[in-house]
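Hi,

Here is the structure I promised to pass on. Have a look at it first, and then read on for what turned up.

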Amino acid sequence: MAQLRPEPVFGFYGGWATYRSGKGKCTVKDLNPHLCTHLIYAFVEPKDDGTLIRKDDNEKNAMENFNNLLNVREFCKEHGFNGADIDWEFPESSSDHSNFVLLLSALASELHSRDLILTTSVGVNREYDVSGIARHVDYILLMSYDYNGTWDRYTGHNAPLCWGAVETDYQRRLNVKASVRDWIGGGAPKSKLIVGLAAYGRTFTLSSTSTEGTRRPTSGPGRKGPYTDEAGVLAYYEVKNMFEQRMWDSDQDVPYAVSGDQWVSYDDPQSIRKKCEFINSEGLGGAMIWSIDQDEFQDGKFTLLRTRASDALAGW
């Protein structure tokens, strides 16, 4: 991680984006470090002996280039990071909960003694020892997206700000405001909570052509995008190029779009701004974006990231 200024705007960069083709190829040289306070390189994998695995020599070079964007010094002498984010999305048992807190405690002791930061990225609607986590980390990065997707048999929003009139009791928990409320209720300080913003959309193939609303029957994931090449997911820049019929869900404060039998839920500047207003009004720690390589990064636009960055400067 590389810190620029104190107002927290975290941006994740997926190292695999450098392997995409054409206008989807995003290398570290395409990034603008001045739009984030913290840049996070994803991912490296820990081995049992504590060493970290990277995929190939190209990734090693990317890590070094990533940190050459900024004046980063001490952490990881080989690569130059100044902190670590621990991504743990799927706790399964009570021993998982306690062991994760022990892991964070050990890491915090090691990193904080060297003036390095420790954050954790956590899933939504899952059980954690919230107060235990909060004691040891500088920030909690809430992955407040993927609330609905192709694991469902109907359309639904990827990252709704609030619940809609058609939602059931359980579905009313599947939104940003409910997740933030749960973490605060569990003992997380507002100042440490970082709300996740999505620079991608979740797509569905409709069982029959229907243009309005959520909870429409689906037959499977939406078709692959030309650059991300993953069924059911499109980068923001792909959504803009592939869909023209944008609609706004005023209940849940997010857009969606339809093209024939393809339906997508995504975020755009209007919905990002709504979430920024919520972050500021609640006095939360800040925002993070997954991921900046899926934003409209071409020609340095970074449309969604700039929306948050400008709002951060105005809101603090």
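Asp 267 and Lys 275 are both buried, and they form a salt bridge in which the closest N and O atoms are 2.8 Å apart. Please keep in mind that this is a predicted model.

That pair belongs to a longer list, as a search of the whole structure gives twelve salt bridges. Glu 110 and Arg 114 make another one, with 3.0 Å between the closest N and O atoms. Here Glu 110 is partly exposed because its relative accessibility is 41%, between the 20% and 50% limits. Arg 114 is partly exposed too, at 48%. Then there is Glu 296, whose side chain meets that of Lys 301 in a salt bridge of 3.8 Å, N to O. Glu 296 is buried, with a relative accessible area of 11%, whereas Lys 301 is partly exposed at 44%. Which residues are linked with Glu 296 in a network of salt bridges? They are Lys 240 and Lys 301.

Now for the chain as a whole. There are 316 residues, and 55% of them count as buried. The fold has seven helices and 16 strands. If you take the contacts with a separation of 6 or more, 67% are between residues 24 or more positions apart. The accessible surface is about 14,100 Å², and carbon and sulfur atoms hold 47% of that.

How many disulfides does a search of the whole structure find? Zero. For two of the cysteines I can tell you how covered they are: Cys 36 is buried, at 0% relative accessibility, and Cys 162 also counts as buried, at 15%.

Helix α4 is worth a look while you have the model open. The helix covers residues 176–186, and its buried residues are Val 176, Ala 178, Ser 179, Val 180 and Trp 183. What do they pack against? Their partners are the strands β7 (117–122), β8 (139–142) and β9 (193–198), along with the helices α3 (130–136) and α6 (269–282). At the start of α4, Asn 175 has a side-chain oxygen within 3.3 Å of the backbone nitrogen of Lys 177. Just after the helix comes Gly 187, with a positive phi of about 115 degrees.

In strand β7 you will find Ser 121, which is buried with a relative accessible area of 1%. Its side chain has a polar contact of 2.8 Å with the side chain of Asp 85. Beyond four places in sequence, Ser 121 also touches other residues, including Phe 12, Ile 86, Trp 88, Leu 141 and Met 143.

Thr 214 sits in the loop between β10 (200–206) and β11 (218–221). Is this loop residue buried or exposed? Thr 214 is buried, because its relative accessibility of 12% is under the 20% cut-off. Leaving out residues up to four places away, its contacts include Thr 155, His 157, Glu 167, Asp 249 and Trp 263. The C-alpha atom of Thr 214 is also 9.1 Å from that of Tyr 256, 42 residues apart along the chain.

Last, the surface. Trp 16, Tyr 19 and Phe 43 form a nonpolar patch there, with about 290 Å² of accessible area together. Of these, Tyr 19 lies in the loop between β2 (9–14) and β3 (38–42), and is partly exposed with a relative accessible area of 43%.

Cheers

Definitions and conventions:
Residues numbered from 1 in each chain as written. Predicted model: local features only at pLDDT ≥ 70, side-chain atom pairs only at ≥ 80, totals over all residues. Heavy atoms only, no water. Patch = residues over 30% accessible without salt bridge, like charges linked within 9 Å, V, L, I, M, F, W, Y side chains within 5 Å. Areas by Shrake-Rupley, 256 points an atom, 1.4 Å probe, with all protein chains shown as cover. Salt bridge = Lys/Arg side-chain N within 4 Å of Asp/Glu carboxyl O. Helix = DSSP H or I, 4+ residues; strand = E, 2+ residues; numbered from the N terminus. Buried < 20%, exposed > 50% of the residue type's maximum accessible area, 1.4 Å probe, protein only. Contact = heavy atoms within 4.5 Å. Polar contact = N/O pair within 3.5 Å; in protein donor to acceptor, adjacent residues only side chain to side chain. Disulfide = S-S within 2.5 Å.
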